[in-house]
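Trainee: I would like to go through this model and ask how each label is earned. Can we take the claims one at a time?

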Amino acid sequence: MNDTPGPTEVSLQLRFGDMDVNRHVNNVQYARLFEEARVRSVSGWVRDGYDQVAIHLARQEIEFVTPLYYTPEPVTARVWVSRLGGSSFDFGSSLADPDGKIVALCETTVVAVDSETGKILPISEEMRAFLKSKSADPVPLRRRS
């Protein structure tokens, strides 16, 4: 496991095809960008020994802060654990343009399941301690303000 505490930063390359008729990144593409950031983060966090545990997406909320315009420069996503439950947890994420301006926020709830049976599993104490090390503040979504 990657022992670096707190949020993980991931550089993401936009695709020209992500742009819509309004000449900014289409809102559907944000879900893809946040997914890529989560997958890269988890792949870096968890290495061996968790083949039997899968995480399934249960809920996702994206707040569009300002339009993101296509650029060949990479954008930056930050990923952290924003809530830890018994068998589920939330990923908090932010997406920033190349100048560092936040363009979107995301909160994604995932549930731990047994890879073979599909049954919901409690988060082990070892995994719980690790996820706590990746914790940061809740996602500052406007609806919660």
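Mentor: Start with Asp18 and Arg32. Their closest N and O atoms are 2.7 Å apart, and the two form a salt bridge. Asp18 sits in the loop between S1 and H1, while Arg32 is in helix H1, so the pair ties together parts that are 14 residues apart in sequence. Keep in mind that this is a predicted model.

Trainee: Why is the contact of Asp18 with Arg15 called a salt bridge?

Mentor: The cut-off is a side-chain nitrogen of Lys or Arg within 4 Å of a carboxyl oxygen of Asp or Glu. For Asp18 and Arg15, the closest N and O atoms are 3.1 Å apart. The pair therefore qualifies. By this rule the count comes to nine salt bridges.

Trainee: What makes Arg15, Asp18 and Arg32 a network?

Mentor: Asp18 forms a salt bridge with Arg15, and Asp18 also forms one with Arg32. The three residues are thus linked in a network of salt bridges.

Trainee: How do you know whether Asp18 is buried or exposed?

Mentor: Buried means under 20% relative accessible area. Asp18 has 0% relative accessibility, so it counts as buried.

Trainee: And which class do its partners Arg15 and Arg32 fall into?

Mentor: Partly exposed lies between the 20% and 50% limits. Arg15 is at 43%, so it counts as partly exposed. Arg32 is at 25%, and it is partly exposed too.

Trainee: Now the pair Arg59 and Glu107. What makes it a salt bridge?

Mentor: The closest N and O atoms are 3.8 Å apart. The limit is 4 Å, so the pair is counted. Arg59 lies in strand S2 and Glu107 in strand S5, so the salt bridge ties together parts that are 48 residues apart in sequence.

Trainee: Are Arg59 and Glu107 buried or partly exposed?

Mentor: Arg59 has a relative accessible area of 33%, so it is partly exposed. Glu107 has 4%, so it is buried.

Trainee: How do you know that S2 and S5 pair?

Mentor: Two strands pair if there are at least two bridges between them. Eleven bridges join S2 to S5, which run antiparallel. The criterion is therefore met. In this pairing, Arg59 stands opposite Thr109 in S5.

Trainee: What makes S1 and S2 edge strands?

Mentor: Five strands form an open sheet in the order S1-S3-S4-S5-S2, with antiparallel pairing. Strand S1 (8-12) and strand S2 (53-64) each pair on one side only. The twist averages 25° from one strand to the next. Helix H1 (residues 27-45) packs on the sheet and touches S1, S2, S3, S4 and S5. Its direction makes about 130° with that of S1.

Trainee: Why is S4 called largely enclosed?

Mentor: Nine of its nine residues are buried, so the rest of the structure largely encloses S4. Ser88, Asp90, Gly92, Ser94 and Ala96 point one way, and Phe89, Phe91, Ser93 and Leu95 the other.

Trainee: How is S4 joined to S3 and to S5?

Mentor: Eight bridges join S3 to S4, running antiparallel. Val81 stands opposite Phe91 there, and a hairpin of three residues connects the two strands. S4 and S5 pair antiparallel over nine bridges, with Leu95 opposite Ala104. Five residues lie between S4 and S5 in their hairpin, and Gly100 in the turn has a positive phi of about 90°.

Definitions and conventions:
Residues are numbered from 1 along each chain as its sequence is written. This is a predicted model: local features need pLDDT of at least 70, side-chain atom pairs count only at pLDDT 80 or more; totals for chains, interfaces and linings use all residues. Side-chain values use heavy atoms; hydrogens and water are left out. Helices (H or I, at least four residues) and strands (E, at least two) are DSSP runs, numbered from the N terminus. Axes are lines fitted to C-alpha atoms, for helices over the stretch in contact, and angles run from 0 to 180 degrees between N-to-C directions. Contact means heavy atoms within 4.5 Å. Buried means under 20% relative accessible area, exposed over 50%, partly exposed in between (1.4 Å probe, protein chains only).
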